[in-house]
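Got your viewer open and a selection tool handy? Load the model and follow along, one stop at a time.

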Amino acid sequence: MTPENLIASVDEEACLARLADMVQHKSYSETEGERKLAEHMHGILEGLGLEAMLQPVEGERVNAIGTLRGTGGGKSLLFNGHLDTNPVTTGWTVDPWGGVIDDEFIYGIGVSNMKSGDAAYLCAVETILKAGLKPKGDVILSFVIGELQGGIGTVRMIEQGVTADYFVNSEPTDIQALCLHSGAFSYQIELTGDTRHVSKRGEACDALAAAAALVPRINNMTFSGAATDDHKAVNRGHVGVVRAGLGDEFHEWRPPQVADRAKILGTCRYAPSQSVESVMEDMRTMLRALELEFPGLKWEIDSYDQRKNKPQMPPFEVPRDSDIVRAVNAAYETVRGLPQPTGPIAPACFFGTDAAHLSAAGIEGVVCGPGGEFNTMPDERVRKSQFIDCVKIYILTIAEICGLEPVA
């Protein structure tokens, strides 16, 4: 069977049914539903004849891992995606767990981030098996948990020996090839000034005014040490929380006094040629300059671990001419008839993904998955055509990397 005939054999209704089934499982991160979906995926993997296991992560949390053993002579390929989702917000007009499908979209919480990616590689393997084919190299399907806690599911998977020659991480990129994304860390800045009554404001050191001056500077930061323009392109500072008032308790009931305390919480995105410490030093330089504008100002800055005892997301990069990127590029062009957008593509280049952990473990890979356009919003949805195209791209990628042959 030719690759063209193979992708033409994709059962679109069956693929959408698989995805709708996954959406109908409420798998909020760190809940019982997350485990139930992992157990459900484990059952599906066993039913397809893959070597399946429920892999311990922490407590009762588990990954579902399935391996389709190759016949020999091909490279191995790992597909990676997470099952846990964010919570439903206000503003939904369809059932978030209904698996609702209309003429253009499939809807549901987590359908973009990232159950459509999970379903796409499951359906790719199903299509190959239904066609009476097997890969020459192993194909590993990993349905992990805890990506929303820094990727703990993938970290534990790697620690327990799951590996491959190449990987595809299926986070939502609107099926573009993401070759670079930033690392992420959170920070906390505390500012201390000197209060006075408004009548003597000129004698005060206003911590609130200092914080207000700092916010746009952080939000417009790029960091030192970027090795390339691509690396500079994934730099971003961000302020998410500002609090100011009087004293360590930030009293608000005496606004005629100048605020002597302020706190800023935020996040920074940095490139592989940079580090948490180099970014922190850039921010210290900015704070030293702020001291000159606000005489008497004192400051402290620290990284802020919002997820105690959970991994942080490091940056990820793969050369654009690597074998896995070229395989995905070629598959996209076959399916869509156009060159695949490739590189540090925004907004995905500011995400954290488990690709960073896989890359750090020495596996070469790329991030490419359906969804993104309507990601993490009310009525979260994915274009049906994009999802089906992704199934086809994954089939062709498996054929190129692993090789396919008829079952004896």
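This tour goes from the domains to the place where they touch, and then to a few backbone oddities. Keep in mind that you're looking at a predicted model.

**Stop 1: colour the two domains.** Select 3-181 together with 315-406 and give them one colour: that's domain 1. Now pick 183-303 and use another colour for domain 2. If you mark the C-alpha centre of each domain, the two points sit 38 Å apart.

**Stop 2: an annotated stretch.** Next, highlight residues 181-291. UniProt lists this span, in an unreviewed entry, as "domain: Peptidase M20 dimerisation". Switch to cartoon view and you'll see that the span is 31% helix and 28% strand. Put a distance between its end C-alpha atoms and you should get 33 Å.

**Stop 3: where the domains meet.** Zoom in on the border between your two colours. How many residues of domain 1 are in contact with domain 2? Nine are, and they touch eleven residues of domain 2. Between them the domains bury about 860 Å², with 65% of that on carbon and sulfur atoms. Show L180, P315 and F350 as sticks: on the domain 1 side, these lose the most area to domain 2, together 65% of what that side buries.

**Stop 4: a salt bridge.** Stay at the border and select D230 and R320. Their side chains meet in a salt bridge, with 2.7 Å from N to O. Across the interface of domain 1 and domain 2, the count of salt bridges is one. There are also three residue pairs in polar contact between the domains. Which elements of domain 1 give two or more residues to the side that touches domain 2? Select β9 (180-181) and β14 (316-317), and you have them. Colour that side by residue type and you get six nonpolar, one polar and two charged residues.

**Stop 5: two cis peptide bonds.** Leave the border and go to N113 and M114. The peptide bond from N113 to M114 is cis, with omega near 0 degrees. M114 belongs to helix α4, residues 111-130. Then jump to A346 and P347, where the peptide bond is also cis, with omega near 5 degrees. Here P347 is in a loop, between β15 (342-343) and α10 (355-360).

**Stop 6: an unusual phi.** Finally, select D174. This residue is not a glycine, yet its phi is positive, at about 55 degrees. Look to either side of D174 and you'll find it in the loop between β7 (166-169) and β8 (177-178).

Terms used: Residues are numbered from 1 along each chain as its sequence is written. This is a predicted model: local features need pLDDT of at least 70, side-chain atom pairs count only at pLDDT 80 or more; totals for chains, interfaces and linings use all residues. Side-chain values use heavy atoms; hydrogens and water are left out. UniProt positions are given in the numbering used here, feature names are shortened, and annotations may be inferred rather than shown by experiment. Helices (H or I, at least four residues) and strands (E, at least two) are DSSP runs, numbered from the N terminus. Domain bounds come from an automatic or database domain assignment. Contact means heavy atoms within 4.5 Å. Buried area is the accessible area (1.4 Å probe) that two parts lose on being put together, summed over both. A salt bridge is a side-chain nitrogen of Lys or Arg within 4 Å of a carboxyl oxygen of Asp or Glu. A polar contact is a pair of N or O atoms within 3.5 Å; within protein, one must be able to donate a hydrogen and the other to accept it, and residues adjacent in sequence count only if both atoms are side-chain atoms. Ala, Val, Leu, Ile, Met, Phe, Trp, Tyr, Cys and Pro count as nonpolar, Asp, Glu, Lys and Arg as charged, and the others, Gly among them, as polar.
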